[in-house]
Amino acid sequence: MKLYYKAGSCSLAPHIVMAELGMAYELEAVDLATKVCASGDFRKINPKGSVPAIKMDNGEILTEGAVISQYLADQKFETTLVPKFGTLERYRCMEWMNFVATEVHKTLGTMFAAGNIMKSAESQTELRAGLAQVFEKKMAYLSESLGDQSYLMGETFTIADAYLFTCLSWTKMLKVDLSAWKNIKAYQERVLGRPAVQKAMKEEGLL
Ligand SMILES: N[C@@H](CCC(=O)N[C@@H](CS)C(=O)NCC(=O)O)C(=O)O
């Protein structure tokens, strides 16, 4: 299995999942500005031009991080990284994956992209400030839902935590302050302490 990634971006989530699963994998970095990777033109691998993408051993390519993480976890029947098919728990986990993808990832991602969306520095600042307010509401909901649980689904770490942790790590760069939510800060530390998370982050040069 090969993961096409950009260090510290959303591709860190499936990278963490692969490390948690203890599976064998290869990594190939993608320059997102030029869309070039060691194999050549990344658009030939993923026409959408975004990471993550995985190349399976049979050559099939799969994109969309939330789906890749499910696919990876489903490769190991005994894993608790994703609840079993057909259970309500499975849909609870997907509910979190969708929340992270559409509410957390895209809100923070748009803050990063403000310079590509708005022309003037003033409009960019206004856009970022507006998104920071939107993000605050998402964090209030997250903090309330998380309560004193260790992870999103309770005491078991799942693919949704790999994804949420990855997105929350961007808040530092974006200067979005999470200190009002003590349980979210503690959650970040807890996930960071996991050996597989450390492994994946070291492999991306983030630690
Ligand atoms: N819909 C995709 C979006 C992934 C995405 O936003 N990737 C970002 C990095 S976090 C990226 O590659 N941006 C560069 C681009 O789209 O050109 C997914 O959920 O996997």
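Helices (H or I, at least four residues) and strands (E, at least two) are DSSP runs, numbered from the N terminus. The model is predicted: local features need pLDDT of at least 70, side-chain atom pairs count only at pLDDT 80 or more, and totals for chains, interfaces and linings use all residues. Residues are numbered from 1 along each chain as its sequence is written, and side-chain values use heavy atoms, with hydrogens and water left out.

**Exercise 1. Describe how helix α1 is covered, and what follows it.**

Step 1. Helix α1 spans residues 12-21, and 9 of its 10 residues are buried (buried means under 20% relative accessible area, exposed over 50%, partly exposed in between, with a 1.4 Å probe and protein chains only).

Step 2. The buried residues are L12, A13, P14, H15, I16, V17, M18, A19 and L21.

Step 3. Their packing partners are β1 (2-5), β2 (26-31), α2 (65-74), α6 (159-168) and α9 (195-203).

Step 4. Just after α1 comes G22, with a positive phi of about 70°.

**Exercise 2. Place A19 and T158, and list their contacts.**

Step 1. A19 belongs to helix α1. A19 counts as buried because its relative accessibility is 13%.

Step 2. Neighbours within four places in sequence aside, A19 is in contact with Y25, A196, K199 and A200 (contact means heavy atoms within 4.5 Å).

Step 3. From A19 to L108 the separation is 89 residues in sequence and 25 Å in space, C-alpha to C-alpha.

Step 4. T158 is in the loop between α5 (121-146) and α6. With a relative accessible area of 2%, T158 is buried.

Step 5. Not counting residues up to four places away in sequence, T158 touches T80, L81, C93 and M153.

**Exercise 3. Describe the surroundings of the ligand.**

Step 1. The ligand sits in the largest pocket. A pocket is an open set of points on a 1 Å grid over the protein atoms alone, where a 1.4 Å probe fits, with protein on both sides within 12 Å along at least five of seven lines; a molecule sits in it if more than half of its atoms lie within 2 Å of its grid points.

Step 2. Residues around the ligand include S9, C10, L32, K35, H105 and K106 (a heavy atom within 4 Å).

Step 3. Polar contacts are pairs of N or O atoms within 3.5 Å. A ligand nitrogen is 2.9 Å from a polar backbone atom of V51, and a ligand nitrogen lies 2.6 Å from a polar side-chain atom of E64. A ligand oxygen is 3.3 Å from a side-chain N or O atom of K106.

Step 4. Taken alone, the ligand exposes 510 Å², of which the protein buries 70% (Shrake-Rupley method, 1.4 Å probe).

Note on methods
Polar contact = N/O pair within 3.5 Å; in protein donor to acceptor, adjacent residues only side chain to side chain. 1 Å grid on protein atoms, 1.4 Å probe; cavity = no way out; pocket = protein on both sides within 12 Å on 5 of 7 lines; lining within 4 Å.
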